[in-house]
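Okay, thanks for coming, everyone. Let me put the structure up on the screen, and then we'll walk through it together.

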Amino acid sequence: MAEQAQPTADSCAKALTAFVGNGKSLLDLAEKESGEVSLQEFIRQKIRIEQKQSLLGLIEAGAALYKRCAALQDAVQDFQQLEVQWDAFLQRLDDELQLNAKTLDGRLQSKSISPDVPLVDARTGEAVTLQKYLGKGKKILLVLIRQFSCLLCRLHLQDLEKNKSSLDAHSVEVVVVSFGCQEGASHWLQETSCQFDMLLDADRKLYAAFGLGASLKKVLNFSNMLRYAEYVADNYEFPRGLASIQDDMFQLGGDFVLDQHGRVLFSHCCQSPIDRPSVEDILSAQ
């Protein structure tokens with residue numbers, strides 16, 4: 001059966017390639033001709049059904065695509081329907097579990113953060129507060145990660161490390177925050193070789209103050225699953241959690257810049273694991 005299916009897949013791929021090629025040619029020609037006459041004349045003379053080389057030629061090209069690969073349209077519709085059903089199921093689970101992803105709209109975010117929130121230094125195990133970082137003339141970029149095995153969190157922090165000189169030039173100090181246990185944090189620090197300070201917020205008080213929720217749909221929705229598949233196809237390896245600790249893969253993260261008094265200067269509540277701000281976005285908001 002597999003040998004019979006392969007030519008059909010090849011045929012559809014060739015038909016789609018031909019369609020895109022025809023479409024590009026039509027567009028290139030239209031852009032050229034639209035600059036040679038007035039737009040009114042271009043529309044009157046060049047966009048006509050009998051003009052095979054007009055923009056309306058895409059109809060004929062599309063018809064050829066469907067004729068050569070008749071099952072393609074049904075397959076696309078099935079694909080789209082699966083996405084709707086997939087995301088609807090996850091939304092129902094969110095509703096039944098009463099997960100608090102709705103707090104991500106930002107209305108519940110604090111305008112300033114208390115310097116007395118109890119935290120733990122992930123490296124030493126010592127009790128600390130944000131006061132350790134405030135009042136020193138620097139801004140603090142708090143990167144609240146989702147879970148220790150979140151690949152996208154690790155890639156985001158790698159990007160911040162690569163741009164440390166730019167962050168330093170803007171007097172921005174990065175501090176990683178996790179709600180996980182110290183055993184998991186030690187393993188994470190060893191695996192990532194991250195040089196930024198890391199704090200543990202076991203009660204998720206910072207997560208709550210910034211309005212960060214948890215959601216099955218925002219983590220496992222259809223679009224995200226396909227994006228994760230791209231990472232796998234590109235040979236990225238998703239980190240594995242420790243069997244001895246329990247993590248929460250549905251918690252969402254965020255990036256927040258505080259001034260030296262704890263006032264929030266920049267706020268980004270991640271709408272999915274993939275949704276992290278760029279270094280440029282962070283610095284442009286300062």
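So, to start: leaving aside its neighbours within four places in sequence, which residues is Ser-272 in contact with? Before I answer, keep in mind that this is a predicted model. Okay, the answer is Lys-218, Asn-224 and Leu-252. As for where Ser-272 sits, look in the loop between strand 7 and helix 11, which covers 279-284. And is Ser-272 buried or exposed? Its relative accessibility comes out at 11%, and the cut-off for buried is under 20%, so we call Ser-272 buried.

Strand 7 takes us to the sheet. What we have is an open sheet of seven strands with mixed pairing, and if you read across, the order goes 2-1-5-4-3-6-7. At the edges you find strand 2, at 127-128, and strand 7, at 264-269, each pairing on one side only. Stay with strand 7 for a second: strand 6 is its antiparallel partner, over five bridges. One pair to look for there is Leu-258 with its bridge partner Val-264 in strand 7. The hairpin of these two strands has five residues between them, and Gly-262 in that hairpin takes a positive phi near 90°.

Now over to strand 1, residues 119-121. It pairs with strand 5, residues 197-200, again in the antiparallel sense, with two bridges. If you want a residue to click on, try Asp-121, whose bridge partner in strand 5 is Leu-199.

What packs on this sheet? Helix 5, residues 151-162, does, touching strand 3 (139-144), strand 4 (172-178) and strand 6 (254-258). The direction of helix 5 makes about 155° with that of strand 3. Then there's helix 7, residues 182-192, lying across strand 1, strand 4 and strand 5, and it runs at about 160° to strand 5.

Next, a helix pair. Helix 4 is residues 71-97, helix 10 is residues 222-233, and their axes come within 9 Å, crossing at roughly 110°. So helix 4 is roughly perpendicular to helix 10. Who's touching whom? From helix 4 you have Phe-79, Leu-82, Glu-83, Trp-86 and Asp-87, and they meet Phe-222, Met-225 and Leu-226 of helix 10. Sorted by class, that's six nonpolar residues, two charged and no polar ones.

Last topic, the cysteines. How many disulfides are there? The count comes to one. The disulfide is Cys-12 with Cys-69, and the sulfur atoms are 1.7 Å apart. The torsion about that S-S bond is about 65°, so it's a right-handed disulfide. Cys-12 is in helix 1 (residues 2-34) and Cys-69 is in the loop between helix 3 (57-68) and helix 4, so the bond ties together parts 57 residues apart in sequence. Both ends count as buried: Cys-12 has a relative accessible area of 17%, and Cys-69 has 4%.

What about Cys-150? That one is in no disulfide, and the nearest cysteine sulfur, in Cys-153, is 3.0 Å away. The cut-off for a disulfide is sulfurs within 2.5 Å, so this pair doesn't make it. Cys-150 is buried as well, at 3% relative accessibility. And why doesn't Cys-194 have a bond? Because its closest cysteine sulfur, also that of Cys-153, is 12 Å away, which is too far. Cys-194 is buried too, with a relative accessible area of 4%.

Okay, that's my tour. Over to you.

How values were computed:
Residues are numbered from 1 along each chain as its sequence is written. This is a predicted model: local features need pLDDT of at least 70, side-chain atom pairs count only at pLDDT 80 or more; totals for chains, interfaces and linings use all residues. Side-chain values use heavy atoms; hydrogens and water are left out. Two strands pair if DSSP finds at least two bridges between them. Helices (H or I, at least four residues) and strands (E, at least two) are DSSP runs, numbered from the N terminus. Contact means heavy atoms within 4.5 Å. Axes are lines fitted to C-alpha atoms, for helices over the stretch in contact, and angles run from 0 to 180 degrees between N-to-C directions. Buried means under 20% relative accessible area, exposed over 50%, partly exposed in between (1.4 Å probe, protein chains only). Angles under 35 degrees count as roughly parallel, over 145 as roughly antiparallel, 65 to 115 as roughly perpendicular and the rest as oblique. Ala, Val, Leu, Ile, Met, Phe, Trp, Tyr, Cys and Pro count as nonpolar, Asp, Glu, Lys and Arg as charged, and the others, Gly among them, as polar.
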